[in-house]
Amino acid sequence: MERTLSIVKPDGVEKNVIGEIISRFEKNGLKIVALKRIKLTKSDAEGFYAVHKERPFFGSLTDFMSRGPVVVLVLEGENAISKNREIMGATNPEEADEGTIRKDFATNIEENTVHGSDSPESADTEIKYFFNALEITG
């Protein structure tokens, strides 16, 4: 079984679609093994997105991610990383397939409703950023 991190970003929380997003994960065979609602500080967001520090969108991304609460989840299942990314859809909602989370709920490429780990290595790092071993059940 593989694990991945998912985040319902501030725009998803503001739109009150947390339950709909979680339902899509579960309907596609992903099990939620950890979940919490938190409010990132600017510093927290900068730490999480440190890999993008040199990118031009880093400031606006970390401002966005710290503007309101987020829901962080650990998803578990067969090929959880690729399955989650398929359910989310393309980063740019204009390019996302019909029926994906980003196509249905995202506003634009930056306010794109959800985050998902892109590799086993990033999943491991990202999960440990938000959860300790006692918080993950499976």
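## The loop between α1 and α2

In this predicted model, V17 sits in the loop that joins α1 to α2, and with a relative accessibility of 11% it falls below the 20% limit and therefore counts as buried. Leaving aside neighbours within four places in sequence, V17 is in contact with G12 and F105. V17 and I101 are separated by 84 residues in sequence, yet their C-alpha atoms are 9.8 Å apart in space.

N16 belongs to the loop between α1 and α2 as well, but this residue is exposed, with a relative accessible area of 66%. The backbone of N16 has a positive phi of about 60°, although N16 is not a glycine.

## Two nonpolar cores

The largest nonpolar core has 19 residues, and the members that touch the most others are L5, I7, M65, V74, F130, F131 and I136. Two or more residues of this core come from each of β1 (2-8), β2 (31-38), α3, α4 (58-65), β3 (70-77) and α7, and α4 gives the most, with 4 residues. In soluble globular proteins, nonpolar side chains tend to be buried together.

L5 shows how distant parts of the chain meet at one residue of this core: leaving aside neighbours within four places in sequence, L5 is in contact with F48, L73, N84, H115, G116, S117, E126, I127, F130 and F131. A second core, separate from the one that holds L5, comprises 17 residues, among them V17, F25, V71 and F105.

## The buried side of α4

Within α4, the buried residues are F58, L61, T62, F64 and M65. These residues span an arc of only 155° around the axis, which places them on the same side of α4. An α-helix has 3.6 residues a turn, so residues three or four places apart point the same way. The elements that cover the buried residues of α4 include β1, α1 (10-14), α3 and β3.

## Helix α5 and the buried N84

Helix α5 has A80, I81, N84, I87 and M88 as its buried residues. Viewed down the axis of α5, they fall within an arc of 130°, so they line one face of the helix. Among the elements covering the buried residues of α5 are β1, α2, β3, α6 (101-105), β4 and α7.

N84 lies in helix α5 and has a relative accessibility of 0%, so it counts as buried. Leaving aside neighbours within four places in sequence, N84 is in contact with T4, L5, S6, F25, L30, L75, H115 and G116. L5 is therefore a partner that N84 shares a contact with, under the 4.5 Å limit for heavy atoms.

Positive phi values occur on either side of this helix. N79, in the loop between β3 and α5, has a phi near 50°, a positive value in a residue other than glycine, and just after α5 G89 takes a positive phi of about 90°.

## E26 in helix α2

E26 is placed in helix α2, where its relative accessibility of 48% makes it count as partly exposed. E26 and L75 are 49 residues apart in sequence, while the distance between their C-alpha atoms is 9.1 Å.

## The largest pocket

The largest pocket holds about 620 Å³ of space and is lined by 25 residues, of which Y49, H52, F57, L61 and H115 lie nearest its centre. L61 is also one of the buried residues of α4, and H115 is among the contacts of both L5 and N84.

At least two lining residues are supplied by each of α3 (42-48), α5 (80-88), β4 (114-116) and α7 (120-130). The largest share, 4 residues, comes from α7. By class, the lining is made up of 9 nonpolar, 9 polar and 7 charged residues.

Methods:
Residues numbered from 1 in each chain as written. Predicted model: local features only at pLDDT ≥ 70, side-chain atom pairs only at ≥ 80, totals over all residues. Heavy atoms only, no water. 1 Å grid on protein atoms, 1.4 Å probe; cavity = no way out; pocket = protein on both sides within 12 Å on 5 of 7 lines; lining within 4 Å. Points joined across faces, edges and corners; volume = space filled by probe spheres on them. Nonpolar A, V, L, I, M, F, W, Y, C, P; charged D, E, K, R; others polar. Core = buried A, V, L, I, M, F, W, Y, C linked by side-chain atoms within 4.5 Å. Buried < 20%, exposed > 50% of the residue type's maximum accessible area, 1.4 Å probe, protein only. Arc of directions from axis to C-beta.
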